[in-house]
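User: Hey, got a minute to go through this model with me? I'm new to this, so plain words please.
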Amino acid sequence: MSEKEIPYEYVNIDLAARKDFALSYLEVNPFGKLPALKDDSNGLVLFESGAILQYLSENYANEINDPVTCASIDQWILFANSTLAITLFVPSNKEREFPRLIGTLNDIYTKKKFW
Ligand SMILES: N[C@@H](CCC(=O)N[C@@H](CS)C(=O)NCC(=O)O)C(=O)O
């Protein structure tokens with residue numbers, strides 16, 4: 001949001017504290033996971049980082065409106081939130097898959113500007 005100069009208020013939530021404020025966060029995300037977004041301009045409440053990024057990209061980053069670029073953005077969001085996340089956070093996958101994925105990512109982005 002800073003990169004796109006979208007005004008925002010950052011709310012830090014200590015879920016581990018289980019205080020009233022953290023518990024009321026379950027109204028925002030019933031699964032109790034971070035991050036989440038509340039858009040005061042239209043009342044939208046959204047969780048899942050990928051959905052948040054897609055929403056911000058489609059509704060606030062007005063310079064991106066061609067389908068090819070949008071598809072590429074969606075590809076990298078889904079790659080990060082599915083393929084890469086499973087590799088990083090599932091221990092049995094990490095050892096085998098992580099070096100391969102990171103090696104390929106490194107190859108791609110040493111040749112190409114990060115967009
Ligand atoms: N797929 C979700 C993952 C959400 C997630 O697992 N968030 C972690 C922090 S990165 C969390 O809230 N952990 C606290 C907990 O599970 O109690 C997303 O991308 O938003």
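User: First up, what share of the 115 residues of the chain count as buried?
Analyst: 0% of them. Keep in mind that this is a predicted model.

User: Huh. What is the chain built from, in helices and strands?
Analyst: It has four helices and two strands. Going along the sequence, you meet them as α-β-β-α-α-α.

User: And why is the chain described as more spread out than a compact globule?
Analyst: Because its radius of gyration is 17 Å, well over the 13 Å that the globule rule gives for 115 residues. The C-alpha trace spans about 45 × 40 × 20 Å along its principal axes.

User: OK, switching to α4. Which residues does it cover?
Analyst: Residues 91-111, so to speak its whole run of 21 residues. From first C-alpha to last, α4 reaches 30 Å, close to the 30 Å expected at 1.5 Å a residue.

User: Where's the kink in α4?
Analyst: At Glu 97, shortly before the proline Pro 99, and the kink is about 50°.

User: How many of the residues in α4 are buried?
Analyst: Zero, so α4 is hardly covered.

User: New topic: the ligand. Which residues are around it?
Analyst: Leu 15, then Gly 32, Lys 33, Leu 34 and Pro 35, then Glu 48, Ser 49 and Gly 50, plus Asn 81.

User: And how does that shell split by class?
Analyst: Three residues are nonpolar, four are polar and two are charged.

Conventions. Residues numbered from 1 in each chain as written. Predicted model: local features only at pLDDT ≥ 70, side-chain atom pairs only at ≥ 80, totals over all residues. Near = placed C-beta within 6 Å. Nonpolar A, V, L, I, M, F, W, Y, C, P; charged D, E, K, R; others polar. Rg over C-alpha atoms; globule rule 2.2 N^0.38 Å. Buried ≥ 20, exposed ≤ 12 C-beta atoms within 10 Å, placed from the backbone. Expected span 1.5 Å × (residues − 1). Bend = angle between axes of the 7 residues up to and from the residue.
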